Amino acid sequence: MAKSFNELAARAKADWDGDTRRVYEAASAEFEEEVRERAELGAVLAAARKGRSLTQPALSQAFGVQQSEISRIERGVGNPTTATLLRLADALGHRFTLVPNRH
């Protein structure tokens with residue numbers, strides 16, 4: 001019996017064919033990139049908030065975004081809507097810009 005999730009996963013992956021492995025690797029890479037981008041966005045928003053000497057509760061109260069959502073976004077684990085991001089950017093004196101995909 002596997003002692004950890006990683007051991008169990010490794011045993012399951014050992015039986016995969018080439019196509020399955022390629023799909024898994026592509027999906028994993030895409031997921032890792034999304035996680036990295038969310039963390040980067042959160043760090044930028046946290047820095048902008050701190051640059052304005054605002055606490056999360058103060059930003060929440062002033063601009064109508066729940067403090068818990070601000071926290072999740074800043075930690076890179078939230079899934080904010082475009083409207084939420086635009087409100088936060090406006091509140092912090094920033095704007096969002098679309099840039100070409102790096103892929």
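## Q67 and helix α4

Q67 is partly exposed, because its relative accessibility of 33% falls between the limits for buried and exposed residues. This residue is found in helix α4, in a model that is predicted. Leaving aside neighbours within four places in sequence, Q67 is in contact with Q56, P57 and S60. Its C-alpha atom is separated by 19 Å from that of E40, a residue 27 places away along the chain.

S71 also lies in helix α4, which runs over residues 67-75. With a relative accessible area of 17%, S71 is under the 20% limit and therefore counts as buried.

## Q56 and helix α3

Q56 is found in helix α3, which covers residues 56-63. Its relative accessibility is 15%, so Q56 counts as buried. When residues up to four places away in sequence are not counted, Q56 touches R49, Q67, I70, S71 and E74. Helix α4 holds Q67 and S71, so named partners of Q56 include residues of that helix.

How far apart are the C-alpha atoms of S71 and Q56? They are separated by 7.2 Å, while the two residues are 15 apart along the chain.

## Helix α2 and the loop after it

Helix α2 spans residues 18-51. A46 is found in this helix. With a relative accessible area of 12%, A46 is buried, because the value is under 20%. A46 and I70 are 24 residues apart in sequence, and their C-alpha atoms are 8.8 Å apart in space. I70 is also one of the residues that Q56 touches.

The loop between α2 and α3 is the place of S53. Is S53 buried or exposed? At 66% relative accessibility, S53 counts as exposed, because the value is over 50%. The backbone of S53 has a positive phi of about 55°, although the residue is not a glycine.

## Helix α1 and K13

K13 is found in helix α1, residues 5-14. Its relative accessibility of 24% places K13 among partly exposed residues. Leaving aside neighbours within four places in sequence, K13 is in contact with R21 and Y24. The C-alpha atoms of K13 and A89 are separated by 42 Å, and the two residues are 76 apart along the chain.

## The annotated region

A UniProt annotation from an unreviewed entry, "domain: HTH cro/C1-type", covers residues 45-99. Over residues 45-99 the chain is 62% helix and 0% strand. The C-alpha atoms at the two ends of this stretch are 17 Å apart.

## The chain as a whole

How many helices and strands does the protein chain have? There are five helices and zero strands, and the pattern read along the sequence is α-α-α-α-α.

The radius of gyration of the protein chain is 19 Å, whereas a compact globule of 103 residues would have one near 13 Å. Along its principal axes the C-alpha trace spans about 55 × 35 × 20 Å. Of the 103 residues, 24% count as buried; Q56, S71 and A46 are examples of buried residues. Among contacts between residues at least 6 apart in sequence, 51% join residues at least 24 apart.

## Surface and charge

The accessible surface of the protein chain comes to about 7,700 Å². Carbon and sulfur atoms account for 56% of that area. The chain has 15 positive and 14 negative side chains. The centres of these two sets of charges lie 7 Å apart.

How values were computed: Residues numbered from 1 in each chain as written. Predicted model: local features only at pLDDT ≥ 70, side-chain atom pairs only at ≥ 80, totals over all residues. Heavy atoms only, no water. Helix = DSSP H or I, 4+ residues; strand = E, 2+ residues; numbered from the N terminus. Buried < 20%, exposed > 50% of the residue type's maximum accessible area, 1.4 Å probe, protein only. Contact = heavy atoms within 4.5 Å. Rg over C-alpha atoms; globule rule 2.2 N^0.38 Å. Areas by Shrake-Rupley, 256 points an atom, 1.4 Å probe, with all protein chains shown as cover. Lys, Arg positive; Asp, Glu negative; His and termini not counted. Charge placed at Lys NZ, Arg CZ, Asp CG, Glu CD. UniProt positions renumbered as here; feature names shortened; annotations may be inferred.
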